[in-house]
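Welcome, and please open your viewer. We will walk from one selection to the next, pausing at each stop to see what is there.

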Amino acid sequence: MRDETIGGSRETSTPCWTREQAAGIKRSDATVAPIVYPPEQETDDDVHIWDTWLLRNRDGSIAEIDGYRVIFSLSASKELLPGKRHDVATIRYFYSEDGKTWTCGGPVFDGDAFGSRQWAGSALYDDDGTVYVYYTAAGYRDEAELSYQQRIAVGAGGAVTTDADGLSVDGPWSHEILLEPDGEFYEREEQSRGMIYTFRDPWFFEDPATGETCLLFEANTPVSESDNPYDCDAVHEEFNGSVGLAVSTTGDPTDWELQEPLLESVATNQELERPHMIVRDGSYYLFVSSHKHTFAPGLEGHDALYGFVADSLRGEFEPLNGSGLVATNPASAPFQTYSWLAYPHSEELLVSSFFNYYDLRGLSLDDVAGLPPVEQQRRFGGTLAPTLRIELDGAETRILGALEHGHLP
Ligand code: FRU
């Protein structure tokens, strides 16, 4: 297909989030979330938490185990400056009976996971009760200097037990690197020209129409200089986000083959983070989070949840609401939440995220990094944000309101 975009077009078989579509991004009543204030009670008193995902069954529904549900969150000690948390991220799990108050069960892994730290992922509660925690191995175990290599990994073989005291998710875990960028569909670190490359955030998904077992992930498309139909100064090389796809032909949750990406945003945006898919009435809704600063020059986006819809897994994804914008922060608090996760609930979508930087009064995130430590801490939420309620009507969405912080019914 030919991708007609502002300033040029490019030959690709993958649907593209075009510059023209993204140029339509604009805050509106339907897409701006209510302002967020600090909660009375944080998700956890000792750790900052950010990217969070639910333990789910193969069909994507939330796993209920003896009346409990389980979330996994990236976490780091609250004593650490918020900007440093990515360098030491550890996956912790929390459980809840009412979906409102969460009890921390501790770190999921005990130091044997791949990477010098672990970034976002997803978690499968398989039909036989086995738990698979997919994660991003960032850097290498015991590396002397922090590196930004990213590999997609799994801790397989976990089990959930419950007793009068609560719930426990335990190993022994069998860790395996599942996927690395191939350099053709997916850019390797040494090919990348712009800001930090991406190959991360695995998301387990089973296609209800075909039963195909898939892993979605965040990546970048290799684009060479000679492949520059855009009349906009190399932005195609530096801003080349994609949503990657791997398939398990046997259904084995540890056996994956890379396929072509599902969506690209070459010349539009560098990071299509934490991709995930929801199927409703035969329509495939693909959601990603992205940042204001990862849009290519000439485009004005926001830290926001963006969405796309197609009529099949490998369909022609079109942006929701015309531009892709589904939920963003108010202009007066543009960084108050991030890393959204949508899931179906009755007729609506619920969208969880974390409480990020607030009370900035016009400061940029770079300004915040230059503030004294106590001022940085004061402005960082590091806890679950209010859950948004969203109406989904074909290719249109509307924010209906919000539940309490961390309420995940
Ligand atoms: C989004 C994100 C993820 C990554 C994590 C690292 O908030 O950038 O893509 O896995 O943060 O902390």
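Start by selecting Asp-359. At 26% relative accessibility, Asp-359 counts as partly exposed, because that value falls between the limits of 20% for buried and 50% for exposed. Keep in mind as you look around that this is a predicted model.

**Stop 1: the loop between E22 and H3**

Asp-359 sits in the loop between E22 and H3. Check its backbone angles: phi is near 50°, a positive value in a residue other than glycine. What makes that worth a pause? Most residues other than glycine have a negative phi.

Now add Arg-361 to your selection. Arg-361 is in the loop between strand E22 (348-357) and helix H3 (365-369). The side chains of Arg-361 and Asp-359 are joined by a polar contact of 2.8 Å. Is Arg-361 buried or exposed? Its relative accessibility is 72%, so Arg-361 counts as exposed. Select Ser-332 as well: Arg-361 and Ser-332 are 29 residues apart in sequence, and their C-alpha atoms are 7.6 Å apart in space.

**Stop 2: another positive phi**

Jump to Asp-66, in the loop between strand E3 (47-57) and strand E4 (69-77). Asp-66 is not a glycine, yet its phi is positive, at about 50°. With a relative accessible area of 60%, Asp-66 is exposed.

**Stop 3: a cis peptide bond**

Next, select Gly-171 and Pro-172 together. A cis peptide bond joins Gly-171 and Pro-172, with omega at about 5°. For background, most peptide bonds are trans. Pro-172 belongs to the loop between strand E10 (166-170) and E11.

**Stop 4: a sheet of four strands**

Colour strands E12 to E15 for this stop. In which order do the 4 strands of this open sheet lie? The order is E12-E13-E14-E15, and the pairing is antiparallel. At the edges you will find strand E12 (200-206) and strand E15 (257-266), each of which pairs on one side only. From one strand to the next, the twist averages 25°.

Zoom in on strand E13 (residues 213-220) and strand E14 (residues 240-248). These two strands run antiparallel and are joined by 8 bridges. For one facing pair, pick Asn-220, which stands opposite Gly-241 in E14.

**Stop 5: two threonines**

Move on to Thr-221, in the loop between E13 and helix H2 (235-238). Thr-221 counts as buried because its relative accessibility is 4%. Now select Gly-244: 23 residues separate Thr-221 and Gly-244 along the chain, while their C-alpha atoms are separated by 9.1 Å.

The second threonine is Thr-198, in the loop between strand E11 (174-179) and E12. Is Thr-198 buried or exposed? Thr-198 counts as buried, with 0% relative accessibility. Show its side chain and find Ala-219: the backbone oxygen of Ala-219 lies 3.2 Å from a polar atom of the Thr-198 side chain.

**Stop 6: a nonpolar patch**

For the last stop, switch on the surface and select Leu-146, Tyr-148 and Ile-196. Which kind of patch do these residues form on the surface? They form a nonpolar patch, with about 220 Å² of accessible area together. Tyr-148 comes from the loop between strand E8 (131-138) and strand E9 (150-163). Tyr-148 counts as partly exposed because its relative accessibility is 32%.

Notes
Residues numbered from 1 in each chain as written. Predicted model: local features only at pLDDT ≥ 70, side-chain atom pairs only at ≥ 80, totals over all residues. Heavy atoms only, no water. Pairing = 2+ DSSP bridges. Axes fitted to C-alpha atoms, helices over the stretch in contact; angles between N-to-C directions. Patch = residues over 30% accessible without salt bridge, like charges linked within 9 Å, V, L, I, M, F, W, Y side chains within 5 Å. Areas by Shrake-Rupley, 256 points an atom, 1.4 Å probe, with all protein chains shown as cover. Salt bridge = Lys/Arg side-chain N within 4 Å of Asp/Glu carboxyl O. Buried < 20%, exposed > 50% of the residue type's maximum accessible area, 1.4 Å probe, protein only. Polar contact = N/O pair within 3.5 Å; in protein donor to acceptor, adjacent residues only side chain to side chain.
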